[in-house]
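Work through the two exercises below with the structure in view. Try each task before you read its solution.

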Amino acid sequence: MANTRYAPAVVFDRTAGPAAPEDSAGPPSSPGAFGSVFTDHMVTVRHRPDEGWHGARVERFGPTAMSPAAACLHYGQTIFEGLKAYRAPDGRVLLFRPDANAARFQRSARRLAMPELPGELFVQALEELVAADRRWVPSADGGSLYLRPFLVATEPFLGMRPAEEYLFCVIASPVGGVFAGGPGAISVDVSHDYARAAPGGTGSAKCGGNYAAALPALRRAVSEGYDQVVFLDAAQHRNVEELGGMNIFFVFRDGRITTPPLLDTVLAGVTRDSVITLAEDAGHQVTEAPYPVEQWRDDAASGELREVFACGTAATIAGIDRVRYLGAEFTVGNGGVGPVTAGLRTRLLDLQYGRAEDAHDWVRVVP
Ligand SMILES: Cc1ncc(COP(=O)(O)O)c(C=O)c1O
């Protein structure tokens, strides 16, 4: 299914950007901070109720003019996605499960009363951009081209209703690993006060407001020496839900693995779904069940819990070893990255970089 070739639904205007991007500075030798350098091009597609999706273009990366009254600037009708293009050893450029991101983008759009971009057009837009900026896909180990599709309401209108004009855009940024220290373990602060998402809210949608709401907790954690924040359920501050931008998994002494269930407060990560499959392939029993933070602390103390890891597109799989909860710290396992975490990370990266057989048909070659 992932490799289905769609008949191009839309003809993209490729004349707007530079025909030969060789005149740009090109990819830097080192990508710098995550998401701080952008490629030569971007893709744009517009939507209006009368015209549907129209005006698809590959154009030069740059500022987009919009009215100061554009609805996205006021009422937060903005959604986005994040996935990567990887360079295989033979030079092919690969996308990993872009159809899953397309489906999640549609779910996010529904939750924010925005128009749903057809999945074929979503994938086609990614391929148009990656083809135009192919030379920006890093070949260095661990590097990739991060793709950021997003949809914003552009209608100049301050009334309270879903907007009627939208801009879909894809930009791209060459990246190395997310955490400066490479694939070492990260530390987390469990937030006992700030919540990320509430039942009935937008936690399972990838909308801008969720991330803004998580920033004070992240700022506090980082200023106090932690890499990331773990959020608990909003009602009781009891069950672990996820990090600000990654899902979480717990690995037990007997090989069992558990991860919080996909309630409407948790984002359904593509990496999460892939990890469940890969862990089951490797013989682990994987459950999706609530896990209270106090149980986490007790299981770490008793040694029942051997490893914890976070996963998402940006960081792939990162071990979690140091945890702060209610002012006290505890360590998981022996600290560092455990063998199950390391094995799943290698397995996932081998698939994403085209170094392993794609038994699940997850990889799509950019033509
Ligand atoms: C809140 C949140 N949870 C989890 C994830 C992981 O999702 P994925 O594996 O699709 O990148 C992300 C990143 O997209 C996220 O923003």
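The model is predicted: local features need pLDDT of at least 70, side-chain atom pairs count only at pLDDT 80 or more, and totals for chains, interfaces and linings use all residues. Residues are numbered from 1 along each chain as its sequence is written, and side-chain values use heavy atoms, with hydrogens and water left out.

**Exercise 1. The ligand**

Task: Find which polar side-chain atom of threonine 271 lies how far from an oxygen atom of the ligand, then describe the ligand's surroundings.

Solution:
1. Start with threonine 271. One of its polar side-chain atoms lies 2.5 Å from a ligand oxygen atom.
2. Next, see how much is covered. The protein covers 96% of the 390 Å² of accessible area that the ligand has on its own (Shrake-Rupley method, 1.4 Å probe).
3. Turn to tyrosine 211. An N or O atom in its side chain is 2.5 Å from an oxygen atom of the ligand.
4. Add glutamate 242. Its side chain has an N or O atom 2.4 Å from a nitrogen atom of the ligand.
5. Sort the shell by class. It has five nonpolar, seven polar and four charged residues (Asp, Glu, Lys and Arg count as charged).

**Exercise 2. The aromatic rings**

Task: State how many aromatic pairs there are, and describe the pair of phenylalanine 38 and phenylalanine 61.

Solution:
1. Apply the rule: ring centres lie within 6.5 Å, and planes under 30 degrees apart count as stacked, over 60 as edge-to-face and the rest as tilted.
2. The count comes to 13 aromatic pairs.
3. Phenylalanine 38 and phenylalanine 61 are stacked, 5.2 Å centre to centre with 5° between the planes.
4. Phenylalanine 38 lies before strand 1 (41–48) and phenylalanine 61 between strand 2 (52–60) and helix 1 (72–75), so the pair ties together parts 23 residues apart in sequence.

Note on methods
A polar contact is a pair of N or O atoms within 3.5 Å; within protein, one must be able to donate a hydrogen and the other to accept it, and residues adjacent in sequence count only if both atoms are side-chain atoms. Rings of Phe, Tyr and Trp (its six-membered ring) pair if their centres lie within 6.5 Å; planes under 30 degrees apart count as stacked, over 60 as edge-to-face and the rest as tilted. Helices (H or I, at least four residues) and strands (E, at least two) are DSSP runs, numbered from the N terminus.
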